[in-house]
Amino acid sequence: MKEISLCLLFTFCFTMVAICQVEMPVSWTVDAEVSDDFIIITYTADIDKNWFVYSQDMEAGIGPIPTSINLETEDLDTVGDILEIGDKIQAYDDYFEMDITKYEETLSLVQKIKNNPGLKNIKGYIEFMTCDSQRCLPPANIDFDLEVN
């Protein structure tokens, strides 16, 4: 009886460990370069081999979820568009049956914000979706809270 209980406990624990492991083929870092006039924020995705992250310049509601930067701190003055830097692929995608723009290996998004006196932190989140050639993971949000002054 003791052996059966131990075997069932081991099987249960092994199953729970397997279920709780979440695949995350993309990791993000967020850094800020601060001057008296501007804050340059760089959001960098490190993308596992054979996985992709999608451009922020995708048609909403069709195909993959575009990557987006969502700032929650109020009264921020952004300057210009967010710049995308990385190994860009623009091509027809068989999975989505449409032309798309995606990045492999690394994607950096660079955003310029006016530095205001009294601004201490910039909070927000990155929303993105990642796929490989066989499947896509659900969209994910990565929170960030940058200390800037």
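Contact here means heavy atoms within 4.5 Å. The model is predicted.

**Exercise 1. The surroundings of Thr 130**

Find the strand that holds Thr 130, decide whether the residue is buried or exposed, and list its contacts beyond four places in sequence.

*Solution.*
- Step 1: locate the residue. Thr 130 belongs to strand 8, residues 130-131.
- Step 2: judge its burial. Buried means under 20% relative accessible area. Thr 130 has 2% relative accessibility, so Thr 130 counts as buried.
- Step 3: list the contacts. Neighbours within four places in sequence are left aside; Thr 130 then touches Pro 25, Val 26, Trp 51, Phe 52, Val 53, Cys 136 and Leu 137.
- Step 4: look for a polar contact. The Thr 130 side chain reaches the backbone oxygen of Phe 52 at 2.8 Å.

**Exercise 2. Charges over rings**

Phe 52 also has a charged end over its ring; name the lysine, then find the lysine over Phe 38.

*Solution.*
- Step 1: take Phe 52. The charged end of Lys 102 sits over this ring, 4.0 Å from the ring centre.
- Step 2: take Phe 38. Here the charged end of Lys 112 sits over the ring, and the distance to the centre is 4.2 Å.

**Exercise 3. An aromatic pair**

Classify the pair formed by Tyr 54 and Phe 96, and say which parts of the chain the pair links.

*Solution.*
- Step 1: count the pairs. The whole structure has four aromatic pairs.
- Step 2: read the geometry. Tyr 54 and Phe 96 lie 5.9 Å apart, centre to centre, with 85° between the planes. Planes over 60 degrees apart count as edge-to-face. This pair is edge-to-face.
- Step 3: place the partners. Tyr 54 is in strand 3 (52-54). Phe 96 is in the loop between strand 5 (78-93) and strand 6 (98-114). The two are 42 residues apart, and the pair links distant parts of the chain.
- Step 4: check burial. Tyr 54 is at 1% relative accessibility, so Tyr 54 counts as buried. Phe 96 is at 18% and also counts as buried.
- Step 5: widen the view. Tyr 54, Tyr 95 and Phe 96 make up one aromatic cluster.

**Exercise 4. A three-stranded sheet**

Work out the strand order of the open sheet and explain why strands 4 and 9 each have a side without a neighbour.

*Solution.*
- Step 1: write the order. The three strands run 4-7-9, with antiparallel pairing.
- Step 2: find the edges. Strand 4 (68-71) and strand 9 (140-147) each have a single partner strand, so one side of each lacks a neighbour in the sheet.
- Step 3: give the twist. From one strand to the next, the twist averages 25°.
- Step 4: inspect one pairing. Strand 7 (121-128) pairs with strand 9 over eight bridges. Gly 124 has Phe 144 in strand 9 as its bridge partner.

Definitions and conventions
Residues numbered from 1 in each chain as written. Predicted model: local features only at pLDDT ≥ 70, side-chain atom pairs only at ≥ 80, totals over all residues. Heavy atoms only, no water. Phe/Tyr/Trp six-rings, centres within 6.5 Å; stacked < 30°, edge-to-face > 60°. Buried < 20%, exposed > 50% of the residue type's maximum accessible area, 1.4 Å probe, protein only. Lys NZ or Arg CZ within 6 Å of the ring centre and 35° of its normal. Pairing = 2+ DSSP bridges. Axes fitted to C-alpha atoms, helices over the stretch in contact; angles between N-to-C directions. Polar contact = N/O pair within 3.5 Å; in protein donor to acceptor, adjacent residues only side chain to side chain.
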